[in-house]
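This report covers charge pairs, the ligand shell and the annotated membrane spans. Start with the model itself.

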Amino acid sequence: MSTTTVDTVDSPAASGPVDAVPDGASAAGKAASRALTEIRRPVAGSVRVACVISALGALAGLAPFLGLVELADVLLADSVDRGRVITICLLIAGGLLARAMLMGSALTITHFADVRLQAILRRRMVERLGRVPLGWFSEQSSGRVRKAAMSDVHDLHQLVAHHSVEMTAAVVMPLGGLSYLLWLDWRLALLALATLPVYAVAYAWMMRGYADQMRRMDESNARISAAVAEFVHGIAVVKTFGQSRRAFAAYRQATDEFVRFFSGWVRPMLRTEALALMAISAPVIGLVTSAGSAWFVERGWVRVPEAVACVLVAMVLPTVIQPLGFGAQARRSASAAALRIHDLLRTPELPVAAAPASPDGHRVEFDDVRFSYDGSTDVLCGVGFACEPGTVTALVGPSGSGKSTLATLLPRFHDVTGGRVRIGGVDVRRIASAELYRLVGFVLQDVQLVYGTVADNVRLGRPDASAGEVERACAAARVHDRILALPRGYDSIVGQDAQLSGGEAQRVSIARALLADAPVLVLDEATAFADPESEAAIQDALSELARGRTVLVIAHRLSTIVGADQIVVLDRGRVAETGTHEHLVGAGGTYARLWAAHQGPDTEKTK
Ligand code: ADP
């Protein structure tokens, strides 16, 4: 027996697990902010260039203000200089044109940057997910991966493509305007800002205790979600036992609580908000600055054109406030999205052997295998047996005894926490993953057909297989006739014009495994879903598949494995017995008891 040890493992994941998010909202906010900076790094340079261009665009946008003041000067003079009027009008038009072009270029740059970033992130995710253990996918909801790859990446769009550029313009333009007023007369700059303190005080009053209230709102929302989930999940039970009114009451209570909390928080805020918005509304600002600057003119502090400039600049100021509010919101949701993407990109990878080795033959050995999902409770404790090439080994045992866990250690859904799993004398951790997947085929209970034609699904393991080979595999898997009966035969799209039953999908996955022709097979016997007439067909297909390979079957129904070359009985993560059916029935141990129990209700299935 080989005593191969695993070489030093060269894993990019050795960089460590996902950053722990420290307690508290602000710490979580900081972690999200850091994640955002890191995620945006590949396009940070382009975004900065775009911001500079946008700032220039905003400054060019001041041309109409300066132009109008000049124009007022010229028009109020005793004799109007037509040439100057035309020059000023051209300058105003030129400024507006330059602004449009600069802003357009800045947004074009950030949109290209955003597309590039989305491609980079999606590529990174695919690369990363291609290297994480397969077991990770069974533990994660596909929703989480889909959310990160689709909506989270999309959530960054607003921030990368719009936020920085629009925010720069929104800040630079009023600042430029105020600087101009300051240059004309400092009193004009102060007058333009006159109503802002009212807004600031009202806003600060509205925002007091905001984090606390948001937390309460999240809690209240979570209670509603929980009540809805409970109601929907348990709907059958709830209805059967006539409890719908009581279950509904929990939902009613959660929503009533939410309404009470929300109106208590928001109602007084609405009055303050109305006051705040009024302080920065165009009529109020127009009135205050016109009256103020008229007084300044009267006092002889400024000239009429300068007073006009003050009114115009003051009217622009509120346009900054709204984008600032939206920008903060966009940044918050983009930060949360960035944190989820960041965490996904740091999912620990399956360690890769520094010096991969090729197995010699297809004998499978489990050598003192230990495994724990959580690092503390062993689900498998010292399991040891071998599966010879050309034989079928059946794993049996009570539910939860570790059968599926043990079988999935072979294609490295997880790595053992102790002992070794070997194929052809080589530890599976030392076999290059591409070679391992070529060697080990698996047909699991939870059949996954991907979006595409039926033929594509069968070809997954061997994309270059000819149509004839695909059909032969399907015929051997007893599903060829069914596929021909589909509207477009092998070209029918799964889920669209190919609606396959559980049993048929299982046979397609058997055809896939047959075509991939892996010498070692893990079969999770899934007769549970199968419709009765396809159950026999599945058994025939499985026998076809098992021929000449090293097969490990997870048996849920003993009748199907009485002919297995070897039966390994697992009990609470340990091998309780090993032998053939006859031998084990004769031994009168766990298997004999399971067999007796199995025979009771279903005798016609026995040999
Ligand atoms: P069997 O296939 O014999 O029913 P399993 O291998 O599915 O048994 O499960 C063995 C034990 O491992 C059970 O106690 C089960 O609860 C636990 N287990 C299975 N999958 C996971 C998982 N993904 N995370 C944590 N525990 C698990």
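Glutamate 70 is partly exposed, with 32% relative accessible area. The coordinates behind that value come from a predicted model.

**Salt bridges**

Side chains of opposite charge can pair when their charged atoms come close. Here the count is 24 salt bridges. Three of the pairs are set out below.

| Acid | Base | Closest N and O atoms |
|---|---|---|
| Glutamate 70 | Arginine 84 | 2.7 Å |
| Glutamate 388 | Arginine 363 | 3.0 Å |
| Aspartate 571 | Arginine 572 | 3.8 Å |

What does the salt bridge between glutamate 70 and arginine 84 tie together? Glutamate 70 sits in helix α3 (residues 63-76) and arginine 84 in helix α4 (residues 82-129), so the link joins parts 14 residues apart in sequence. Arginine 84 has 38% relative accessibility, so this residue counts as partly exposed.

The pair of glutamate 388 and arginine 363 lies in loops. Glutamate 388 is in the loop between β2 (380-387) and β3 (392-396). Arginine 363 is in the loop between α14 (318-345) and β1 (364-371). The salt bridge therefore ties together parts 25 residues apart in sequence. Glutamate 388 is partly exposed, at 35% relative accessible area. Arginine 363 is partly exposed too, at 30%.

How exposed are the partners in the third row? Aspartate 571 has 23% relative accessibility and counts as partly exposed. Arginine 572 reaches 66%, which puts this residue in the exposed class. The cut-off for exposed is over 50%.

Some salt bridges share partners. Arg363, Glu365, Asp367, Glu388 and Arg422 are joined into one network in this way. The bridge between glutamate 388 and arginine 363 has both of its residues in that network.

**Ligand shell**

Which residues come nearest to the ligand? They are Gly400, Gly402, Lys403, Ser404 and Thr405, out of 11 residues around the ligand. By class, the shell holds three nonpolar, six polar and two charged residues. Helix α15 (residues 403-409) supplies the largest share, three residues.

Several polar atoms approach the ligand. A polar side-chain atom of serine 404 lies 2.6 Å from a ligand oxygen atom. For glycine 400 the contact comes from the backbone: an N or O atom lies 2.7 Å from an oxygen atom of the ligand. Tyrosine 373 places a polar side-chain atom 3.2 Å from a ligand nitrogen atom. Taken alone, the ligand exposes 560 Å², and the protein buries 58% of that.

**Annotated membrane spans**

The unreviewed UniProt entry lists residues 43-65, 85-113, 189-207, 274-296 and 302-321 as "transmembrane region". How do two of these spans look in the model? Residues 85-113 are 100% helix and 0% strand. Their end C-alpha atoms lie 42 Å apart. Residues 189-207 are 84% helix and 0% strand. The end C-alpha atoms of this span are 27 Å apart.

Alanine 100 adds a detail. This residue is placed in helix α4. Helix α4 (residues 82-129) also carries arginine 84. At 49% relative accessibility, alanine 100 counts as partly exposed. The C-alpha atom of alanine 100 is 7.2 Å from that of glycine 57, although the two residues are 43 residues apart along the chain.

Notes
Residues numbered from 1 in each chain as written. Predicted model: local features only at pLDDT ≥ 70, side-chain atom pairs only at ≥ 80, totals over all residues. Heavy atoms only, no water. UniProt positions renumbered as here; feature names shortened; annotations may be inferred. Helix = DSSP H or I, 4+ residues; strand = E, 2+ residues; numbered from the N terminus. Salt bridge = Lys/Arg side-chain N within 4 Å of Asp/Glu carboxyl O. Buried < 20%, exposed > 50% of the residue type's maximum accessible area, 1.4 Å probe, protein only. Near = heavy atom within 4 Å. Polar contact = N/O pair within 3.5 Å; in protein donor to acceptor, adjacent residues only side chain to side chain. Areas by Shrake-Rupley, 256 points an atom, 1.4 Å probe, with all protein chains shown as cover. Nonpolar A, V, L, I, M, F, W, Y, C, P; charged D, E, K, R; others polar.
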